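Let's take a friendly walk through this structure together. Have the sequence and the 3D view open side by side, and follow along as we go.

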Amino acid sequence: MRTLRYKITIRPETDGTYTVIVPSLPGCLTFGDTIEEALEMAKEAIEAYIESLAARGKDIPVEEDQIEATITVEANA
């Protein structure tokens with residue numbers, strides 16, 4: 001068994017829920033009523049996604065160590 005790590009994006013929605021997107025796994029997203037629930041749902045979604053790939057003999061994407069940052073800019077938009 002391997003330990004895999006994936007970056008996720010958590011987006012708060014207008015209805016108070018949270019959407020989780022896994023950029024390295026196309027189409028892998030889930031939702032939760034709280035951040036904690038969204039994180040748990042994300043773990044389950046990632047596990048199911050990987051199991052599905054493995055069952056079909058597909059390569060499992062692995063994220064390489066990268067530096068990730070957010071840059072804030074001001075724009076007249």
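Where along the chain is the place of P61? P61 sits in the segment after α1. Before we look at its surroundings, keep in mind that what you see is a predicted model.

P61 is partly exposed, because its relative accessible area is 29%, and the partly exposed class runs from 20% to 50%. Apart from neighbours within four places in sequence, P61 is in contact with Y6, S24, L25 and L53. You can also try a distance in your viewer: K43 is 18 residues from P61 along the chain, and the C-alpha atoms of the two are separated by 15 Å.

Now let's step back to the whole chain. The protein chain has three strands and one helix, and reading along the sequence gives the pattern β-β-β-α. The chain is more spread out than a compact globule, because its radius of gyration is 15 Å, well over the 11 Å that the globule rule gives for 77 residues. Measured out along the principal axes, the C-alpha trace spans about 50 × 30 × 20 Å.

What share of the 77 residues is buried? Buried residues make up 21% of them. The chain exposes about 6400 Å², and carbon and sulfur atoms supply 52% of that area. If we take the contacts between residues at least 6 apart in sequence, 27% of them join residues at least 24 apart. As for charge, the chain carries 7 positive and 15 negative charges, and the mean positions of the two groups are 9 Å apart.

Let's turn to the strands. Strand β1 covers residues 9–12 and strand β2 covers residues 18–21; they run antiparallel and are joined by four bridges. Two of the partnerships are easy to find: T9 has I21 as its bridge partner in β2, and P12 has Y18. The two strands form a hairpin with five residues between them. In the turn, look for G16, which has a positive phi of about 90°.

Which strand does β2 pair with besides β1? Strand β3, residues 29–32, pairs with β2 in the antiparallel sense, again over four bridges. Here I21 has L29 as its bridge partner in β3, while Y18 stands opposite G32. Y18 and I21 are thus worth highlighting, since Y18 is the partner of P12 and stands opposite G32, while I21 is the partner of T9 and of L29.β3 also has two faces to compare. Side chains alternate between the two faces of the sheet in a regular strand. In β3, T30 and G32 make up the covered face, whereas L29 and F31 make up the uncovered one.

Finally, come to the helix. Helix α1 spans residues 35–55, and L39 is found in it. Is L39 buried, partly exposed or exposed? L39 is partly exposed, because its relative accessible area is 38%. Leaving aside neighbours within four places in sequence, L39 is in contact with I8 and I10. T9 is 30 residues from L39 along the chain, and their C-alpha atoms are separated by 10 Å.

Key: Residues are numbered from 1 along each chain as its sequence is written. This is a predicted model: local features need pLDDT of at least 70, side-chain atom pairs count only at pLDDT 80 or more; totals for chains, interfaces and linings use all residues. Side-chain values use heavy atoms; hydrogens and water are left out. The radius of gyration is taken over C-alpha atoms; the globule rule is 2.2 Å times the number of residues to the power 0.38. Buried means under 20% relative accessible area, exposed over 50%, partly exposed in between (1.4 Å probe, protein chains only). Contact means heavy atoms within 4.5 Å. Accessible areas come from the Shrake-Rupley method with a 1.4 Å probe; for residues, only the protein chains shown count as cover. Lys and Arg count as positive and Asp and Glu as negative; His and the chain ends are not counted. The place of a charge is taken as NZ of Lys, CZ of Arg, CG of Asp or CD of Glu. Two strands pair if DSSP finds at least two bridges between them.
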